[in-house]
Amino acid sequence: MSKTIKVSTIINAPLKTVWNEVSRLENHTNWMNDAEKIDFLSDNSSGISAKMKVLTVVGPIKLYDYMTVTEWVEEKTIAVDHVGIVTGKGKFILEEIDNNNTKFNWEETLKFPIYLGGFIGEFFGAPVLKLIWRKNLKNLKEIFLFLLILQSPILNIFLVRDGI
């Protein structure tokens with residue numbers, strides 16, 4: 001048995017801008033609290049068949065998550081197969097709401113091994129992972145908020161005034 005976890009958020013940025021960040025898999029450690037380090041195991045670091053080894057930390061549990069990108073649709077979808085200790089499938093789906101807002105949907109269906117509690121680990125781990133991934137999406141939103149602030153005309157007035 002496996003457990004499906006879904007989280008989503010609205011990011012105040014155009015679809016293309018969000019895609020440009022999310023499609024840079026090497027940057028996921030910038031906004032994913034549970035992804036400590038990403039090593040690529042393939043020649044490509046994006047697109048279908050990209051392979052990664054991700055050092056994942058959730059509380060006291062530290063493990064390598066091996067993933068292969070199985071779907072890559074520009075400005076739309078990135079899907080992976082988890083083939084390490086925890087197995088399953090994950091998917092990011094981006095939806096343009098309007099010219100300045102993008103919906104980010106994240107879905108993971110994971111299966112825990114017996115020594116991580118199997119079905120019981122999935123049952124109790126799912127709410128924890130959901131909280132972590134909601135925080136991850138909040139972190140991602142903050143990246144775009146920061147970029148928006150940097151592009152603010154008001155900020156530019158202060159920077160010019162202060163000679164920066």
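Which residue in β4 stands opposite valine 58? Keep that question in mind while you look over this predicted model, and begin with the whole protein chain, which has 164 residues, of which 40% count as buried.

Colour the chain by secondary structure, and you will find three helices and seven strands, which follow one another along the sequence in the pattern β-α-β-β-β-β-β-β-α-α.

Next, select the strands, which form an open sheet of seven in the order β1-β7-β6-β5-β4-β3-β2, with antiparallel pairing. At the edges of this sheet stand β1 (3-11) and β2 (35-40), and each has a single partner strand, so one side of each is left without a neighbour in the sheet. If you look at how neighbouring strands lie, they are turned by 20 degrees against each other on average, when direction is ignored.

Now narrow the selection to strand β3 (residues 51-58) and β4, which run antiparallel and are joined by eight bridges. Here the opening question finds its answer, for it is isoleucine 61 in β4 that stands opposite valine 58. Add helix α1 (residues 15-22), which packs on the sheet and touches β1, β4, β5 (77-83), β6 (87-98) and β7 (101-111), while its direction makes about 155 degrees with that of β6.

Return to strand β4 (residues 61-73) and select tyrosine 66, which has its place there. Tyrosine 66 has a relative accessible area of 32%, and is therefore partly exposed. Finally, show Leu41, Tyr64 and Val83 together with Tyr66, since these residues form a nonpolar patch on the surface, with about 370 Å² of accessible area together.

Definitions and conventions:
Residues numbered from 1 in each chain as written. Predicted model: local features only at pLDDT ≥ 70, side-chain atom pairs only at ≥ 80, totals over all residues. Heavy atoms only, no water. Patch = residues over 30% accessible without salt bridge, like charges linked within 9 Å, V, L, I, M, F, W, Y side chains within 5 Å. Areas by Shrake-Rupley, 256 points an atom, 1.4 Å probe, with all protein chains shown as cover. Salt bridge = Lys/Arg side-chain N within 4 Å of Asp/Glu carboxyl O. Helix = DSSP H or I, 4+ residues; strand = E, 2+ residues; numbered from the N terminus. Buried < 20%, exposed > 50% of the residue type's maximum accessible area, 1.4 Å probe, protein only. Pairing = 2+ DSSP bridges. Axes fitted to C-alpha atoms, helices over the stretch in contact; angles between N-to-C directions. Contact = heavy atoms within 4.5 Å.
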